[in-house]
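Open the model in a viewer and keep the sequence panel beside it. The stops below say what to select next and what is there.

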Amino acid sequence: MIELSQVTKTFGEGETAVRAVDDLSFRVPRGAFWAIMGPSGSGKSTVLHLIAGLTPPTSGSILIDGFDMARATEAEAAALRRRRVGYILQTFNLLPFLTAEENVAMPLVLDGVRDGEIPGRVGEVLELVRMSHRAKHKPTELSGGEQQLIAIARSLVVKPSVLLADEPTGSLDRSRGRDFMGLLREVNDVTGVTVLLVTHDPVFATYGDKVLRMVDGKLDQEVELTEPPVPSRAAASS
Ligand SMILES: Nc1ncnc2c1ncn2[C@@H]1O[C@H](COP(=O)(O)OP(=O)(O)OP(=O)(O)O)[C@@H](O)[C@H]1O
Ligand SMILES: [Mg+2]
């Protein structure tokens, strides 16, 4: 569960101050899949940064599973982010000298997870994103779409409760973008991770259950979506 209450984020001071997020409140229920849309500069990325605890809000509170990101110390925010928040960006940020499976294992290594436990957990998420056959490949030997799947696997390996994605399809073509979104939807169904996706593409936004539209740091519109374009695995089996 993600809950923002009256969150404001101002960058700079005086004449040049920019209110990137302006008195924003919303609550994303556990397991939901929401998209955020809005013009360039409307504050979408800033919202994700605030939720990830990468930057503190100027005022307001940000709860993740009841824990207040806004009041956390830097060390607490870092620990919370490492354990509970997965983050996927437009650029995949995979380490070029490591194989796909080594990249995926990295968050576990950094978190001091026992060596014996790592291969099993890495194998599990690689299977989830259907990339087991590319485990030994380096990023340069993978397509853009494949690299993005490895990036999702890496963000899921810590079993986060929240997955934040900032234009993850930005460098993929339409068809790979659709495949990626279908998989993100499936990951949401299978693992129950709460997904918050920023996208400029209205088609990709419809993969979620709700679209928030931001303008000038505020919520301009909320649209509930009842029928996702692809039948989810959960829906198909019920
Ligand atoms: N570190 C920063 N310092 C100063 N201003 C910033 C900073 N980060 C963002 N801003 C400003 O805050 C506003 C919101 O930026 P943000 O990156 O959240 O927009 P966005 O909705 O993600 O846009 P885009 O669709 O182009 O990615 C913009 O006016 C931007 O210039
Ligand atoms: Mg942005």
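Select Leu 4 and Ile 62: Leu 4 stands opposite Ile 62, which is in strand E4. The model you are looking at is predicted. Keep Leu 4 and Ile 62 on display and add the whole of strand E1 (residues 2-11) and strand E4 (residues 59-64), which pair in the antiparallel sense over five bridges. Another pair to pick out is Thr 8 and Ser 59, where Thr 8 stands opposite Ser 59 in E4.

**Stop 1: the four-stranded sheet**

Now show strand E5 (residues 67-68) next to E4; two bridges join these strands, and they run antiparallel. Select Ile 64 and you will find that its bridge partner in E5 is Phe 67. E4 and E5 form a hairpin, with two residues between them. Click on Asp 65 in the turn, which has a positive phi of about 50°. As a general point, most residues other than glycine have a negative phi.

Widen the selection to the whole sheet. It is an open sheet of four strands in the order E2-E1-E4-E5, and the pairing is antiparallel. Which strands stand at the edges? They are E2 and E5; each has a single partner strand, so one side of each is left without a neighbour in the sheet.

Stay on strand E2 and select Asp 23, whose place is in that strand. Asp 23 is not a glycine, yet its phi is positive, at about 55°. Is Asp 23 buried or partly exposed? It has 14 C-beta neighbours inside 10 Å, and so counts as partly exposed; a buried residue would need 20 or more.

**Stop 2: ligand 1**

Select ligand 1 and display the residues around it. The surrounding residues are Phe 11, Gly 12, Val 18, Ala 20, Gly 38, Ser 40, Gly 41, Ser 42, Gly 43, Lys 44, Ser 45 and Thr 46. Colour by element of structure: strand E2 (18-28) and helix H1 (44-51) are the elements that give two or more residues to this shell. H1 gives the most, with three residues. Then colour the shell by class, which shows three nonpolar, eight polar and one charged residues.

**Stop 3: the six-stranded sheet**

Next, select the six strands of the other sheet listed here, an open one with the order E6-E7-E8-E3-E9-E10 and mixed pairing. Strand E6 (85-88) and strand E10 (218-224) stand at its edges, each with a single partner strand, so one side of each is left without a neighbour in the sheet. Look along the sheet to see the twist, which averages 20° from one strand to the next.

For a closer view, keep strand E3 (residues 33-37) and strand E9 (residues 210-215), which run parallel and are joined by four bridges. Within this pair, Trp 34 stands opposite Lys 210 in E9.

Then select Ala 205, which lies in helix H7 (residues 202-205). There are 22 other C-beta atoms within 10 Å of Ala 205, which means that this residue is buried. Which residues is Ala 205 in contact with, leaving aside its neighbours within four places in sequence? Display Ala 35, Met 37, Thr 199 and Val 211 to see them. Try a distance as well: from Ala 205 to Ser 161, C-alpha to C-alpha, is 21 Å in space, and the two are 44 residues apart in sequence.

**Stop 4: the helices**

Add helix H5 (residues 144-156), which lies across E6 and strand E7 (162-166) and runs at about 165° to E6.

Move to helix H4 and select Val 122, Val 125 and Leu 126, which are buried. These residues cover an arc of only 105° around the axis, which puts them on the same side of H4. Gly 120 and Glu 127 are exposed, on the other side of H4. What do the buried residues of H4 pack against? Show helix H3 (100-110) and H5, which are their packing partners.

End at Arg 130, in the loop between helix H4 (118-128) and H5. Just after H4, Arg 130 takes a positive phi of about 55°. Arg 130 has 14 other C-beta atoms within 10 Å, so this residue is partly exposed.

Note on methods: Residues are numbered from 1 along each chain as its sequence is written. Chains are lettered from A and ligands numbered from 1 in the order in which they are written. This is a predicted model: local features need pLDDT of at least 70, side-chain atom pairs count only at pLDDT 80 or more; totals for chains, interfaces and linings use all residues. Two strands pair if DSSP finds at least two bridges between them. Axes are lines fitted to C-alpha atoms, for helices over the stretch in contact, and angles run from 0 to 180 degrees between N-to-C directions. Two residues are in contact if their C-beta atoms, placed from the backbone, lie within 7 Å. A residue is near a molecule or strand if its C-beta atom, placed from the backbone, lies within 6 Å of it. Ala, Val, Leu, Ile, Met, Phe, Trp, Tyr, Cys and Pro count as nonpolar, Asp, Glu, Lys and Arg as charged, and the others, Gly among them, as polar. A residue is buried if 20 or more other C-beta atoms lie within 10 Å of its own, exposed if 12 or fewer, and partly exposed in between; C-beta atoms are placed from the backbone. The arc is that of the directions from the helix axis to the C-beta atoms.
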